[in-house]
Amino acid sequence: MEFLGRASSWRKPRNKIFGYRTGQYQCTQKQTDFAEDTTQGNFSNMASSWCKISPIIPIFVFLLLVSSLVCPVQSSEHSEERAANQTFRPEEELQKLKLIRSRLRKINKPAVKTIQAFDPVSKYSPDGDFIDCVVSHLQPAFDHPLLKGKKPLYPPDRPKGHNQMGVVEENFQLWSMSGESCPEGTIPVRRTTEQDMLRASSVRRFGRKPRKYVRRDSSSDGHEHAVGYVSGEQYYGAKASINVWAPRVANQYEFSLSQMWVISGSFGDDLNTIEAGWQVSPELYGDNYPRFFTYWTSDAYQATGCYNLLCSGFVQTNTKIAIGAAISPTSSYEGGQFDISLLVWKDPKHGNWWLEFGSGVLVGYWPSFLFTHLQDHASMVQFGGEVVNSRPDGFHTSTQMGSGHLAGEGFGKASYFRNLQVVDWDNSLVPLSNLRVLADHPSCYDIQGGINNVWGNYFYYGGPGRNVECP
């Protein structure tokens with residue numbers, strides 16, 4: 001991860017969102033009961049050569065892009081469940097509670113140690129998280145029938161051309177600033193609480209994106225994007241540095257995220273994706289902090305896949321990073337800029353897809369057997385932002401994407417992706433040769449791409465949502 005300041009002088013900004021850095025912390029060795037625990041610009045050194053990318057993109061690519069990532073916000077499934085919750089029915093509430101506790105028993109594994117940071121004044125964790133140290137081979141991934149009785153794999157070779165200057169351990173999450181860490185042989189797992197599941201639109205689908213209903217008109221699907229993408233070749237991974245902000249999200253059932261998508265399939269029911277980045281999701285996490293996340297699906301978000309470690313799938317190998325935990329610090333408008341570097345690549349020997357954070361820190365891997373098309377290679381890679389627009393009160397949402405400012409404001413004001421690369425058939429990191437950009441609602445959220453010797457392929461993106469041009 002890196003801070004990027006003004007070209008003339010740089011000073012690390014005081015983070016206005018994440019406080020409590022000098023607070024006290026507590027660490028408990030005893031695992032608490034899951035049912036009882038409910039706590040929760042101008043870039044002056046850039047020899048910029050902006051790319052004027054034609055907005056006239058082949059219509060089939062546009063349709064594929066939209067249909068691959070979207071789903072209706074107000075599904076009948078969600079509406080019915082919320083309507084049912086408005087009337088108190090003791091038997092139904094009891095059944096719901098039983099279902100929640102059954103899911104929690106499956107998700108929350110026994111902890112060797114539990115860590116929680118707390119502020120000495122409020123006596124409350126800044127982000128409300130409990131981090132459980134779980135024995136690595138007992139994590140949720142190993143509930144999968146094909147992983148039972150096995151242990152995490154050893155790291156593979158990195159792609160050629162990967163500038164690895166040794167592993168640099170970095171504290172970028174709130175919980176790790178306590179100085180506490182998980183013992184050797186365990187991994188940190190953000191504990192899921194009853195409140196987390198009670199907030200969910202659907203308890204049965206907690207941790208998953210809504211089912212994919214194919215809608216070809218992007219104006220009605222509720223999801224809006226500003227992305228750069230490549231397609232037409234065989235891809236074996238991707239890398240990017242992603243600017244981190246804390247965008248405002250208008251209500252509980254919306255989110256704002258910035259991520260990479262590694263995609264294969266026909267964009268029908270067989271869509272395969274691997275996803276990683278940061279997101280603000282009040283429904284999933286109960287707050288407005290940007291959080292590091294992963295996702296995967298092998299059937300277009302229908303019955304497979306989940307966020308983070310909320311189902312069997314992704315195998316975490318890192319002992320210091322908690323997937324789903326809050327990121328700190330974040331970028332500030334006209335202040336210091338903070339980004340995280342993510343690399344996803346396919347191990348040529350075993351076929352698994354690995355995730356690396358920052359300077360050589362391996363997070364874990366998605367086993368190849370989880371997928372159909374991605375067992376071989378990806379056919380598209382996307383980078384960028386996505387928000388949900390539920391049109392509260394009949395108007396466009398004011399949920400922000402990226403920094404909440406449009407791409408034209410540039411460095412220090414607009415959010416960015418930089419150093420975009422892909423992994424080719426020879427397991428080599430190579431620059432993008434045909435990056436295209438697309439904003440499906442450019443008056444609300446837009447994107448501008450470029451290339452130079454400092455940042456390689458990059459783009460600025462994002463916006464405020466509702467404004468005079470975006471009613």
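Two strands are said to pair if DSSP finds at least two bridges between them. With that in hand, the strands of this predicted model make a good place to begin.

Strand β13, residues 337-346, pairs with β14 in the antiparallel sense, and five bridges connect them. One of the residues taking part is Trp-345, whose bridge partner in β14 is Trp-354. The two strands form a hairpin with six residues between them. In its turn, Gly-351 has a positive phi of about 85°. On to the next partner: β14 is also joined by five bridges to strand β15, residues 361-366, and these two strands run antiparallel. Here Phe-357 has Val-361 of β15 as its bridge partner. β14 and β15 form a hairpin as well, with three residues between them, and Gly-358 in that turn has a positive phi of about 60°.

Strand β14 itself, residues 353-357, is mostly covered, with five of its five residues buried. Trp-353, Leu-355 and Phe-357 point one way from the strand, while Trp-354 and Glu-356 point the other way. Residues on both of these faces of β14 are buried.

The nonpolar interior comes next. The largest nonpolar core holds 85 residues, and those touching the most other members are Trp-278, Phe-292, Ile-340, Leu-342, Leu-355, Trp-366 and Phe-383. Strand β16, residues 378-388, gives this core its largest share, six residues. A second, separate core has twelve residues, including Tyr-236, Val-315, Leu-343 and Trp-354. The two faces of β14 can be followed into these cores: Leu-355, which points one way from the strand, is listed for the largest core, whereas Trp-354, which points the other way, belongs to the second core.

Val-363 offers a closer look at strand β15, where this residue is found. Val-363 has a relative accessible area of 0% and is therefore buried. Its C-alpha atom is separated by 4.9 Å from that of Asn-318, although the two residues are 45 apart along the chain. Leaving aside neighbours within four places in sequence, Val-363 is in contact with Leu-355, Glu-356 and Phe-357. Its other contacts include Phe-292, Phe-314, Val-315, Gln-316, Thr-317, Asn-318, Ile-321 and Ile-323.

Helix α3 brings a change of scene. This helix covers residues 90-107, 18 residues in total, and reaches 25 Å from its first C-alpha to its last, close to the 26 Å expected at 1.5 Å a residue. Lys-96, Ile-100, Arg-103, Leu-104 and Ile-107 are buried in α3. These residues cover an arc of only 100° around the axis, which puts them on the same side of the helix. An α-helix has 3.6 residues a turn, so residues three or four places apart point the same way. On the other side of α3, Pro-90, Glu-91, Arg-105 and Lys-106 are exposed.

Several loop residues also deserve a mention. Pro-329 has its place in the loop between β12 and β13, and the peptide bond from Ser-328 to Pro-329 is cis, with omega near 0°. Tyr-301 is found in the loop between β11 and β12. Although Tyr-301 is a residue other than glycine, its phi is positive, near 70°. With a relative accessible area of 3%, Tyr-301 is buried.

The loop between β16 and β17 contains Arg-391, and Gln-400 is found in the loop between β16 and β17 too. Arg-391 is not a glycine, yet has a positive phi of about 50°. At 40% relative accessibility, Arg-391 counts as partly exposed, whereas Gln-400, at 15%, counts as buried. Not counting residues up to four places away in sequence, Gln-400 touches Pro-247, Arg-248, Ser-256, Val-387, Tyr-445, Gly-463 and Pro-464.

Finally, a word on confidence. The mean pLDDT of the protein is 81, and 75% of its residues reach 70 or more. Over residues 119-123 the pLDDT is below 50, and this stretch has six contacts in the model beyond near neighbours in sequence. Residues 213-220 also have pLDDT under 50, and the model gives them eleven contacts beyond four places in sequence.

Technical notes
Residues numbered from 1 in each chain as written. Predicted model: local features only at pLDDT ≥ 70, side-chain atom pairs only at ≥ 80, totals over all residues. Heavy atoms only, no water. Helix = DSSP H or I, 4+ residues; strand = E, 2+ residues; numbered from the N terminus. Expected span 1.5 Å × (residues − 1). Buried < 20%, exposed > 50% of the residue type's maximum accessible area, 1.4 Å probe, protein only. Arc of directions from axis to C-beta. Core = buried A, V, L, I, M, F, W, Y, C linked by side-chain atoms within 4.5 Å. pLDDT = per-residue confidence, 0-100. Contact = heavy atoms within 4.5 Å.
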